[in-house]
Amino acid sequence: MDMSIKTAVAMVVAGMAVAASAQEVVKIGTMSPLSGPQAHYGKDNVNGVRMAVDDLNAQGVTIGGKKVKFEVIAEDDAADPKQGTAGAQKLCDDKVAAVPGILNSGVAIPSSKIFNDCGLPFITGAATNPALTAPGYPTTFRIIANDNALGAALAGYAAGPLKLKEVAVIDDRTAYGQGLANVFKKDAESKGIKIVASEFTNDKATDFMAILTSIKAKKPQAIFYGGMDAQAGPMLRQMVQLGLTDVKFFGGDGICTSELAKLAAGTKSLDNVVCADGGASIAKMPGGIEWKKRYDAKYPGQFQVYSPYFYDATMLVVDAMKRADSTDPKKFLPELKKSDYSGVTAKIAFQDNGELKNPSYTLSRYVKGAKTAIEQ
């Protein structure tokens with residue numbers, strides 16, 4: 001090989017090395033229950049993040065003069081605060097750039113302090129307890145309506161269109177379930193509804209016969225349940241066993257899933273369910289219908305509730321990186337606060353405390369087993 005060819009080869013190799021070094025790998029962290037009875041939510045959440053990362057990598061994003069490849073680091077919190085805080089610390093140690101994630105308020109609230117302490121932007125599209133943003137951490141954001149909006153919406157529907165006067169309340173004693181139940185009780189009572197019973201269970205229970213038998217004696221027109229679908233499904237079946245077939249069943253976004261119909265096993269009481277999601281229905285989201293088609297093609301049969309929010313949360317992070325021209329959380333966090341982003345779910349902008357400006361909600365019921373938005 002003569003010198004000119006050697007020189008040309010060397011230049012090509014050197015060029016390839018420069019090109020390779022010019023690519024930056026940016027880790028996007030996420031965390032949700034990937035095991036246990038709430039795993040269907042968690043997998044849906046992570047799917048939303050992965051779908052966003054796949055879209056971003058297909059676009060060939062360049063930030064700070066470097067082509068960026070995004071990777072997902074997913075932790076399983078098992079809906080357990082102790083496992084969740086360990087997972088949050090691991091994401092900090094893994095040097096992820098941001099965390100679009102976390103389903104449960106009971107995990108999100110303690111994890112938010114860990115993320116704040118290590119300077120990681122954290123955006124949830126699912127954890128709805130208002131206490132999440134109460135500490136005022138500059139790293140914490142929520143892109144979905146909180147329980148104040150959902151509890152008030154359900155209480156308003158119970159007192160308004162349904163004209164209910166007596167309601168029993170059950171919660172699962174988690175930060176989410178108990179918080180939502182308390183909001184509902186307060187708003188319901190302010191609208192003239194009498195709370196005839198207040199009971200509690202836990203987020204691992206499957207037998208509710210004793211609680212429901214006690215409630216049956218109080219003759220409520222409806223039962224409000226603060227908790228998740230893994231408990232709501234068997235609770236609905238057991239209501240039928242006790243003859244509570246005409247009693248309405250209320251709940252928040254934790255029960256408002258397609259999985260509820262499967263967990264309730266087609267029981268007649270499913271027809272009595274009224275539930276609330278923090279956000280618009282897929283059909284009314286700005287990009288919902290087309291996005292859902294793509295999601296279903298990529299992850300058939302896995303859609304639950306929150307994946308479009310975690311998709312938007314991931315896109316929101318990268319939009320802030322682009323505007324800051326940096327993948328360093330210290331540099332793009334100020335841009336994240338100033339977001340005015342047109343997402344799949346909504347136009348996303350934040351209040352000073354990290355809450356979404358102008359949050360919406362959707363009430364739904366189940367028609368022939370299919371979750372269906374209630375037109376109001």
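## Close-up views: helix pairs and hollows

**View 1. Helices α2 (residues 39-59) and α10 (residues 288-298) cross at roughly 105°, with axes that come within 11 Å.** That crossing angle makes α2 roughly perpendicular to α10 (65 to 115 degrees; under 35 is roughly parallel, over 145 roughly antiparallel, the rest oblique). On the α2 side, the contact (heavy atoms within 4.5 Å) involves Asp44, Asn47, Gly48, Met51, Asp54 and Asp55. Their partners on α10 are Trp291, Arg294, Tyr295 and Lys298. Sorted by class, this contact of α2 with α10 holds five charged residues, three nonpolar and two polar. Here Asp, Glu, Lys and Arg are charged, Ala, Val, Leu, Ile, Met, Phe, Trp, Tyr, Cys and Pro nonpolar, and the others, Gly among them, polar. Axes are lines fitted to C-alpha atoms, for helices over the stretch in contact, with angles from 0 to 180 degrees between N-to-C directions. Helices (H or I, at least four residues) and strands (E, at least two) are DSSP runs, numbered from the N terminus.

This is a predicted model, with residues numbered from 1 along each chain as its sequence is written. Local features need pLDDT of at least 70 and side-chain atom pairs 80 or more, while totals for chains, interfaces and linings use all residues, and side-chain values use heavy atoms, leaving out hydrogens and water.

**View 2. Helices α3 (residues 81-93) and α4 (residues 105-117) pack at an angle of about 30°.** Their axes lie 9 Å apart. With that angle, α3 is roughly parallel to α4. The crossing of α3 past α4 is right-handed (the near helix is turned clockwise from the far one by less than a right angle; anticlockwise would be left-handed). From α3, look for Pro81, Gly84, Thr85, Ala88, Gln89, Leu91 and Cys92. Facing them from α4 are Gly106, Val107, Pro110, Ser111, Ile114 and Phe115. The contact of α3 with α4 has no charged residues, just eight nonpolar and five polar.

**View 3. Helices α5 (residues 147-159) and α6 (residues 175-190) cross at roughly 45°.** Their axes come within 8 Å, and the two helices are therefore oblique to each other. Once again the handedness is easy to state: α5 passes α6 in a right-handed crossing. Asp147, Asn148, Leu150, Gly151, Ala152, Leu154 and Ala155 are what α5 brings along. They meet Tyr176, Gly179, Leu180, Val183, Phe184, Asp187 and Ala188 of α6. In the contact of α5 with α6, nine residues are nonpolar, three polar and two charged.

**View 4. The largest pocket has a volume of about 320 Å³.** A pocket is an open set of points on a 1 Å grid over the protein atoms alone, with protein on both sides within 12 Å along at least five of seven lines; lining residues have an atom within 4 Å of a point. Points are joined across faces, edges and corners, and a volume is the space filled by probe spheres set on them. Of the 21 residues that line this pocket, Asp277, Ser281, Ile282, Phe303 and Lys371 lie nearest its centre. Strands β14 (362-367) and β15 (370-373) each supply at least two lining residues, and β15 gives the most, with three. The lining has ten nonpolar, eight polar and three charged residues.

**View 5. The second largest pocket has a volume of about 200 Å³.** Its lining has 17 residues, with Ala346, Lys347, Leu356, Lys357 and Asn358 nearest the centre. Ten of the lining residues are nonpolar, five polar and two charged.

**View 6. The largest cavity has a volume of about 40 Å³.** A cavity is a set of grid points where a 1.4 Å probe fits but cannot get out. The structure holds one cavity of 30 Å³ or more. Around the largest cavity sit Leu103, Asn104, Ala126, Tyr176, Met228, Asp253 and Tyr306. By class, that lining is five nonpolar, one polar and one charged.
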